[in-house]
Each structure stands twice: as C-alpha cells, then as structure tokens.
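Q: Could you take a close look at one part of this structure for me? I'd like to hear about the strands and how they sit among their neighbours, and then about any empty space inside.

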Amino acid sequence: MSKEADRNPGFDTQAIHAGWDGKHALGALNPPIYQTSTFVFDSVSHAQKVFSGESAEYVYTRGNNPTLRLFEQKMAILEKGEKAVAFSSGMAAISSVLLSLLKAGDELLTSRTLYGSTYHVATQLLPRYGIRANFADLAHPGAVQAALTDATKVVYLETPANPSLELVDIAATAEAAHRRGAIVVVDNTFATPYFQNPLALGADVVVHSCTKYIGGHGDALGGVAVARDPDYIFRLRFDFLCDLGGVLSPFNAWLLLRGLKTLGVRMERHASNALAVARFLAGHPKVERVLYPGLDEFPQRELARRQMRGYGGIVSFEVKGGYDAAVRLIDSLQLCTIAVSLGDAETLVEHPASMTHREYPRERLAEFGFSEALVRLSVGLENPEDIIADFDQALRRI
Ligand SMILES: *Cc1c(COP(=O)(O)O)cnc(C)c1O
C-alpha cells in the first residue's frame with residue numbers, strides 16, 4: 001500500500017486499503033475484532049515503555065485498541081487530516097470536541113439550524129459550564145464576521161444543514177474565524193468525505209455521526225473526530241475521550257470498517273437516486289418546493305458546485321396544504337419507512353416539525369429554514385423507480 005500511496009490512489013481504493021500496510025493475523029483478509037478490554041505486558045519494563053508513550057502498543061481499550069486504530073487511520077486519510085479519534089456515537093464526538101475547545105468565559109458561534117442534540121448541547125449543556133452560545137445565520141455571507149467576538153473560540157457548523165439543506169461556505173467561514181483566532185469545527189455527516197472535505201477547505205476539526213453513511217446499514221452507532229493537528233487529537237483522546245468514556249466498541253469499529261469499503265459506491269447510488277426523486281418531486285403539482293443541492297434551482301447551487309463533489313442522499317420538500325398534507329403523505333407511504341436517522345439502504349422518511357426538530361418553536365420555524373409542511377427523506381439504495389412510484393401514490397392521497 002505504501003508504494004500505491006505515492007501515486008495518490010483514489011477514494012475507493014483508499015477506503016478499502018488505506019491505514020494498513022501489513023497482513024492481518026494469520027493472513028486474514030479482514031481485520032480481526034480485538035474484542036478485549038485490556039492488553040498484556042511481558043514485564044514491568046515493557047509496561048513502562050507503553051505507558052510512557054515510547055512504544056505505541058496498547059494498554060486498555062478506553063485508550064485505544066487495534067480495531068479502533070485501523071478505523072481512525074482510515075478516517076484520517078479519507079478526510080485529509082493527520083489524525084482521528086473514534087467515539088461511541090456522533091454525539092459523544094461532538095460534545096467531547098466542544099468541551100475540549102471551550103472553557104468558562106468562552107463563546108461558541110453556531111447556526112440555529114443544527115442537529116437536535118447538538119442544539120441542545122449548545123443551548124442547555126454548555127451554558128451550565130459558563131460557555132455562551134451565539135447564533136447567526138452562517139449561510140448568509142458576512143454573518144460570521146459580524147457575529148464573531150473576542151471571546152469566540154469555536155465556530156461550529158453543519159453543511160448541508162439539517163433539515164433545510166442550506167450550505168455554509170466553509171473556506172470563507174474559516175478565513176473569517178481564523179482572523180479572530182477561532183477554531184472551525186464542521187459536522188460532515190450529510191456529505192461524507194466522499195463528497196466534501198472540510199479540512200482541505202480550511203476547517204480545523206471534522207466530526208461525523210458514523211451511525212449514518214459511514215456505517216451505512218443502520219446497525220451500529222459510532223462517531224469520529226478528525227483534525228489536521230495531531231497534538232489536538234492526542235489531547236482529545238487522553239484528556240476527554242479517556243475521562244468522559246464515550247469509547248467506540250471494537251465490534252462497532254469493525255462494522256464501520258466494513259461500511260467504509262463500500263462508502264463510495266453507496267454514495268454514488270444515494271446521490272443518483274436522490275436526484276431522480278428530487279426531480280420527480282420538483283415537477284409534481286402538489287409539491288411547493290424541493291431542497292436538494294444537486295437541483296439547478298437550488299438557491300446556493302454555485303456554492304454547492306464549488307465546495308462539494310456530489311450532493312448526497314438527503315432531500316427535503318414542502319407539500320402544498322401545510323401540516324395536514326405532510327402528515328397524510330408520510331402516513332400513506334408503503335415502501336418508504338417512517339424513521340429518524342439517515343444514510344441507510346432503506347429510504348427513511350420523517351416529519352422534522354413533529355420528530356427530530358420538535359423542540360423548535362412552531363411559530364418560528366421559518367427562521368430555521370423550514371415549515372410544518374416539510375418532509376425530510378433519506379433516499380436509500382432501492383431502485384429509484386420504486387421510490388418514485390411510492391411517492392407518486394402517496395401524493396395522490398393528499
Ligand atoms: C445523527 C447525527 C448526529 C448525532 O449522531 P449519533 O451517532 O446519533 O450520536 C450529529 N449530527 C448529524 C448531522 C446527525 O445526522
């Protein structure tokens with residue numbers, strides 16, 4: 001693999017081969033699951049070498065484990081970072097990263113359109129520790145600069161955002177934040193490293209819910225943080241992951257490694273299916289508007305082209321007829337499944353105002369870029385004509 005690396009292998013080759021340059025135990029094609037909590041030493045002097053960091057061997061799985069390390073190495077390469085650290089869930093990664101970068105008196109600058117639990121961390125958890133969250137419309141050029149203060153230590157963003165699919169210009173945001181000494185953290189769950197690399201655009205830290213596209217099969221929770229600065233990842237691991245304890249299990253690391261092998265082919269199909277469904281919906285008389293960065297009429301189409309290589313599998317749309325029509329449509333679907341989460345083989349549909357975003361005040365949803373008529377779908381890997389046929393019959397019922 002090391003010779004291959006000199007030739008800059010493509011994403012799919014890296015996703016399958018990178019991070020490992022030897023043979024697995026007993027010549028196994030796939031890495032073993034090191035299902036062990038602790039590791040054995042030959043002698044006290046051997047243990048001293050490992051504890052002092054002189055040897056990169058393992059002590060205890062809360063610190064690291066070979067199955068986790070392989071996953072971390074692959075993610076660091078795919079996200080164009082230096083080092084990565086795995087967590088038990090996306091939220092374990094996000095909350096640990098925020099706590100590691102902020103202390104009492106500091107401010108976080110973020111957007112209101114955030115994953116629900118992340119919004120809760122910003123508005124409920126951080127203030128208990130003296131950290132203030134300021135909100136700005138980060139999708140609006142100039143808003144970042146205007147909202148940065150001397151106390152802003154972190155700018156945190158999702159692009160595309162959930163569920164509005166609004167984009168934030170990562171390069172411009174990083175430039176403005178860095179001028180004021182703030183660090184930029186990007187949640188890259190929706191785009192995945194296959195379609196977008198925030199670190200290459202100037203962000204400092206990338207976080208993922210690996211529960212979604214990285215795992216890809218809806219069977220494992222996991223999270224990861226990747227950064228360009230290896231010292232930061234070292235501190236995140238030993239000062240936060242080890243002590244807060246949100247460690248990925250070796251079995252889930254193995255499932256995520258399996259998912260990574262097909263990330264590229266799955267994302268191509270998610271994206272082509274999503275575009276087909278988005279085009280069908282956009283042409284339907286009962287649909288008010290469709291939000292998908294791959295549609296020509298998407299308001300930030302130029303930015304989408306500039307910072308993404310593809311537009312992912314999430315499509316949001318508003319039906320005519322408001323709340324009642326949206327609920328009736330969702331309840332009428334037969335193939336597509338009503339569920340939160342995303343990135344699975346199955347097409348999943350949800351109603352953000354009732355489900356993932358129910359904490360957002362109903363009368364102010366427009367401020368967050370959506371309404372009660374909004375339906376979010378995670379377009380799966382089924383044949384696109386079958387997904388479209390299901391929406392076609394459901395739309396007839398409203
Ligand atoms: C699901 C999700 C999270 C949280 O991840 P978990 O693995 O469920 O903890 C964070 N951000 C985004 C964008 C998500 O979709």
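A: Happy to! Two strands are said to pair if DSSP finds at least two bridges between them. With that in hand, let's start at strand E12, keeping in mind that this is a predicted model.

Strand E12 covers residues 374-378 and is mostly covered, with 5 of its 5 residues buried. Leu-374, Arg-376 and Ser-378 point one way from E12, while Val-375 and Leu-377 point the other way. Both sets are buried, the charged Arg-376 included.

Now for the neighbours of E12. Strand E9, residues 314-319, pairs with E12 in the antiparallel sense, over 5 bridges. Within that pairing, Val-315 has Leu-377 as its bridge partner. Strand E11, residues 348-350, also runs antiparallel to E12 and is joined to it by 3 bridges. Here Val-349 stands opposite Leu-377. Leu-377 of E12 is thus a useful residue to click on, since it is matched with Val-315 and with Val-349.

Strand E7 makes a good companion to this picture. All 5 of the 5 residues in E7 (residues 223-227) are buried, so this strand is largely enclosed by the rest of the structure. Gly-223, Ala-225 and Ala-227 point one way from E7, and Val-224 and Val-226 the other, every one of them buried. Strand E1, residues 83-87, runs antiparallel to E7 and is joined to it by 5 bridges, with Val-85 opposite Ala-225. Strand E6, residues 205-209, pairs with E7 in the antiparallel sense, again over 5 bridges, and there His-208 stands opposite Val-224.

What about empty space? Searching the whole structure turns up 2 cavities of 30 Å³ or more. The largest holds about 60 Å³ of space, and its lining includes Gly-215, His-217, Asp-219 and Arg-258. By class, that lining has 3 nonpolar, 3 polar and 2 charged residues.

The second largest cavity has a volume of about 30 Å³. Among its lining residues are Pro-160, Phe-190, Met-308, Tyr-311 and Ile-314. By class, this lining has 7 nonpolar and 2 polar residues, with no charged ones. At least three of its residues come from each of domain 1 (3-261) and domain 2 (263-395). One of the lining residues, Ile-314, also belongs to strand E9, which brings us back to the partner of E12 where we began.

Key
Residues numbered from 1 in each chain as written. Predicted model: local features only at pLDDT ≥ 70, side-chain atom pairs only at ≥ 80, totals over all residues. Heavy atoms only, no water. Buried < 20%, exposed > 50% of the residue type's maximum accessible area, 1.4 Å probe, protein only. Helix = DSSP H or I, 4+ residues; strand = E, 2+ residues; numbered from the N terminus. 1 Å grid on protein atoms, 1.4 Å probe; cavity = no way out; pocket = protein on both sides within 12 Å on 5 of 7 lines; lining within 4 Å. Points joined across faces, edges and corners; volume = space filled by probe spheres on them. Domains from an automatic or database assignment.
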